[in-house]
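Reader: I'd like to go through a new model with you, one feature at a time. Could you show me how to read each one?

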Amino acid sequence: MATERIETVPTDVAEVTASAVKESWVAVVRRAETHRDKAVRVLAHGRAQAWVVAPERYEALLAAERSREQRIEARLQALREEFDQRLQVLDSPEGEAALREAFDEPIELDGSVVAGAGH
């Protein structure tokens with residue numbers, strides 16, 4: 001029976017072979033439902049082929065991912081706004097004059113490359 005082939009591995013993840021899933025899908029689903037905080041990893045030829053989790057766990061994972069994406073998007077939006085503010089300075093007469101002055105001045109390289117924040 002498939003329930004005998006499910007073993008808990010050190011990472012608190014139950015593993016089951018694809019063959020065991022074929023023999024008793026219901027046992028695998030019951031295992032995921034019974035241990036809601038754990039997942040069942042389905043292995044074929046020693047490699048993970050699928051994961052079985054309780055619906056509540058799946059929803060929690062989706063919610064966590066959405067939250068992460070929202071935090072990333074909020075940070076990206078803040079960076080966009082900061083960039084736009086900095087870029088807007090170039091549209092002002094003072095910014096334009098400063099830019100022209102910077103490009104009009106000759107630079108003496110003395111045979112070396114000038115790079116980095118200090119230049």
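Reader: Let's start with the fold. What pattern does the protein follow, read along the sequence?

Author: Keep in mind that this is a predicted model. Going along the sequence, you get β-β-α-α-β-β-α-α. That makes 4 helices and 4 strands.

Reader: And how much of the protein counts as buried?

Author: Of its 119 residues, 18% are buried; the cut-off for that label is under 20% relative accessible area. The accessible surface comes to about 9600 Å², and carbon and sulfur atoms hold 54% of it. For contacts, take those with a separation of 6 or more: 31% of them join residues 24 or more positions apart.

Reader: Now a single helix. Which residues of α2 are buried?

Author: Helix α2 covers residues 25–34, and Ala27, Val28 and Ala32 are buried there. They sit on the same side of α2, because the arc they cover around the axis is only 140 degrees.

Reader: What do the buried residues of α2 pack against?

Author: Their partners are β2 (14–17), α1 (18–23), β3 (40–44) and β4 (47–52). Turn to the face of α2 that points away from the buried side, and you find the exposed residues Arg30 and Thr34.

Reader: On to charges. What's the general idea behind a salt bridge?

Author: Side chains of opposite charge can pair when their charged atoms come close. The cut-off here is a side-chain nitrogen of Lys or Arg within 4 Å of a carboxyl oxygen of Asp or Glu. By that rule, this model has 5 salt bridges.

Reader: Take glutamate 65 as a case. Which residue does its side chain meet in a salt bridge?

Author: That's arginine 68, with 2.7 Å from N to O. Both belong to helix α3 (residues 55–91), and because they are 3 residues apart, about one helical turn separates them. Glutamate 65 is partly exposed at 31% relative accessible area, and arginine 68 is partly exposed too, at 37%.

Reader: How far apart along helix α3 are glutamate 82 and arginine 86?

Author: They are 4 residues apart, about one turn of the helix. Their side chains form a salt bridge at 3.3 Å, N to O. Check the accessibility as well: glutamate 82 is partly exposed at 35%, whereas arginine 86 is exposed at 59%.

Reader: And which residue pairs with arginine 80 in a salt bridge?

Author: Glutamate 73 does, with an N to O distance of 3.0 Å. Arginine 80 is partly exposed, with 37% relative accessibility. Glutamate 73 is partly exposed as well, at 39%.

Reader: Last feature, the nonpolar surface patch. Which residues make it?

Author: For a patch like this, look for nonpolar side chains within 5 Å of each other, on residues with over 30% relative accessible area. Here Phe83, Leu87, Leu90, Leu99 and Phe103 make a nonpolar patch of about 520 Å².

Reader: Which helix gives the largest share of the nonpolar patch?

Author: That would be α3, with 3 residues. Both α3 and α4 (93–104) supply at least two residues each.

Reader: Is phenylalanine 103 buried or exposed?

Author: Phenylalanine 103 is exposed, with a relative accessible area of 68%; the cut-off for that label is over 50%. You'll find phenylalanine 103 in helix α4.

Notes. Residues numbered from 1 in each chain as written. Predicted model: local features only at pLDDT ≥ 70, side-chain atom pairs only at ≥ 80, totals over all residues. Heavy atoms only, no water. Buried < 20%, exposed > 50% of the residue type's maximum accessible area, 1.4 Å probe, protein only. Patch = residues over 30% accessible without salt bridge, like charges linked within 9 Å, V, L, I, M, F, W, Y side chains within 5 Å. Areas by Shrake-Rupley, 256 points an atom, 1.4 Å probe, with all protein chains shown as cover. Contact = heavy atoms within 4.5 Å. Arc of directions from axis to C-beta.
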